[in-house]
Amino acid sequence: MPQIAQIAATYASQIFWLLIIFGLIYFVIGKGMLPKIEATVDARDQKIATDLAAAEAARAKADETEASYRARIEEARAAALKATQDAKSAATAEAEKRVKSADAELAAKAAEADAALKAAQAKALAEIENVAAEAAQEIVAKISGITVDKADAAGAVKAALAA
Amino acid sequence: MAAESGKIDPMHQFLIEPLFGKEWAIAGHNVAFTNSAMWMAITLAAMLIFMIGGMKRELVPGRWQAAVESFTGFISSMMTTNIGPEGKKFTPYVFSLFMFILIANIMGMMPVGVVGVHPFTVTSHLTVTGVLAVISFAIVLIVGFWRHGFHFFSLFVPHGTPGYMIPLIFLIELFSFLIRPFSLGLRLFVAMTAGHILMKVLAGFVINGINAGALTVAIVSIPSFILMIGITLLELLVCAIQAYVFALLTSLYLNDAVNLH
């Protein structure tokens, strides 16, 4: 086995070169390059973590914006509803008022017309009484030749009409 | 070549041959640049290429960057689950260890033999795995005594041990603790060596069977070749598992040192 048979002759050379090569590997690669590669990996991990956090924050902000948007929409909707209701009730009140005033006007007109009608009726009645008294005067004069006083005739007509 | 002599030596792959600098020496010890050192350098180069491909540092990673990041993420998550937030300090070491062993294992499996280069598995050498295990163990000791002082010895007395059992338990736990570097180094060395020997033996069956005639091709070479495909896939799995086990055990031992119990 050359590893054992040659060991006395070659151990110094093997150890010498191994220490040189392994020392180079340790200091150049292990100490020089490895930390940079690990730093790259760490930087990437950190970047991913911060990006994730930023995305999370952005999502929270979007949620918040949406909530405030919803709240404002609700508010606007309520305001619009109130405005329409106000307008509706105002219009109703106005219409009622106008209907009332129109009613009053109509009632006044009706009362006036009623009064006029009554007056006309009374006048017509009076006229009829007058005509009837005259007619009765004339009839009495023609039939009996008695001249009846106008007041008597009117009283007689009145009694006859009342009967 | 061994095949030309009709005999295939499955141990030849582990032979260390100096490539250049045979006379280089430090304090009397020869430090020639061998094939083992060359394959360590190839491992380093492959790892550098792999890592540089992942250094674009883009926010959205490409395929290569994602592959590199999956390796670094694998080790750093292993450290945080086994040690906790303090494990981050040891990630560079465990990552270097894991990637070095993994790539060295896989480099030893590369079919470069077809272009005439002898593949060599750095981690199939006890010297290499032993040094890595000793480094891990030394870090555990240093961190343990640095953080806890002599209180670190309480690691060897589990909670709830009856008073009269403490000396015995202490010895057993101490022994198991001191065994760790050996088990760590031997496990990788043995797994790599055994797998590569098995592959070479089966390959020897295939080639010797072909040389011996049509009958042996049918009854030896073809079944061996089919078996070899399976063993090769298993070895690739073992390459990854052994690297993982080494890194995992290192992180568990570091956990003992950092958090005691």
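Trainee: Which residues does Glu38(A) touch, leaving out those up to four places away in sequence?

Mentor: In this predicted model, Glu38(A) touches Thr72(B), Ser76(B), Lys88(B) and Thr91(B).

Trainee: And which element of chain A does Glu38(A) lie in?

Mentor: Glu38(A) is part of helix H2 of chain A, which covers residues 7-144.

Trainee: Is Glu38(A) buried or exposed?

Mentor: Glu38(A) is buried, yet has no salt bridge. The nearest side chain of opposite charge belongs to Lys88(B), 4.0 Å away.

Trainee: OK, so how many salt bridges are there between chain B and chain A?

Mentor: The count is 1. Arg44(A) pairs with Glu69(B), and their closest N and O atoms are 2.8 Å apart.

Trainee: What about polar contacts across that interface?

Mentor: There are 15 residue pairs in polar contact between chain B and chain A, with both residues at pLDDT 80 or more.

Trainee: Which element gives the largest share of the side of chain B that touches chain A?

Mentor: That is H1(B), with 9 residues. Other elements giving two or more residues to that side include helix H2 (63-82) and helix H5 (166-212) of chain B.

Trainee: How does that side of chain B split by class?

Mentor: It has 32 nonpolar, 14 polar and 4 charged residues.

Trainee: Changing topic, how many residues does each chain bring to the contact?

Mentor: Chain B brings 50 residues and chain A brings 35.

Trainee: And what area do they bury between them?

Mentor: Chain B and chain A bury about 3900 Å², with 76% of it on carbon and sulfur atoms.

Definitions and conventions. Residues numbered from 1 in each chain as written. Chains lettered and ligands numbered in written order. Predicted model: local features only at pLDDT ≥ 70, side-chain atom pairs only at ≥ 80, totals over all residues. Heavy atoms only, no water. Contact = heavy atoms within 4.5 Å. Buried area = accessible area lost by both parts, 1.4 Å probe. Polar contact = N/O pair within 3.5 Å; in protein donor to acceptor, adjacent residues only side chain to side chain. Helix = DSSP H or I, 4+ residues; strand = E, 2+ residues; numbered from the N terminus. Nonpolar A, V, L, I, M, F, W, Y, C, P; charged D, E, K, R; others polar. Buried < 20%, exposed > 50% of the residue type's maximum accessible area, 1.4 Å probe, protein only. Lys, Arg positive; Asp, Glu negative; His and termini not counted.
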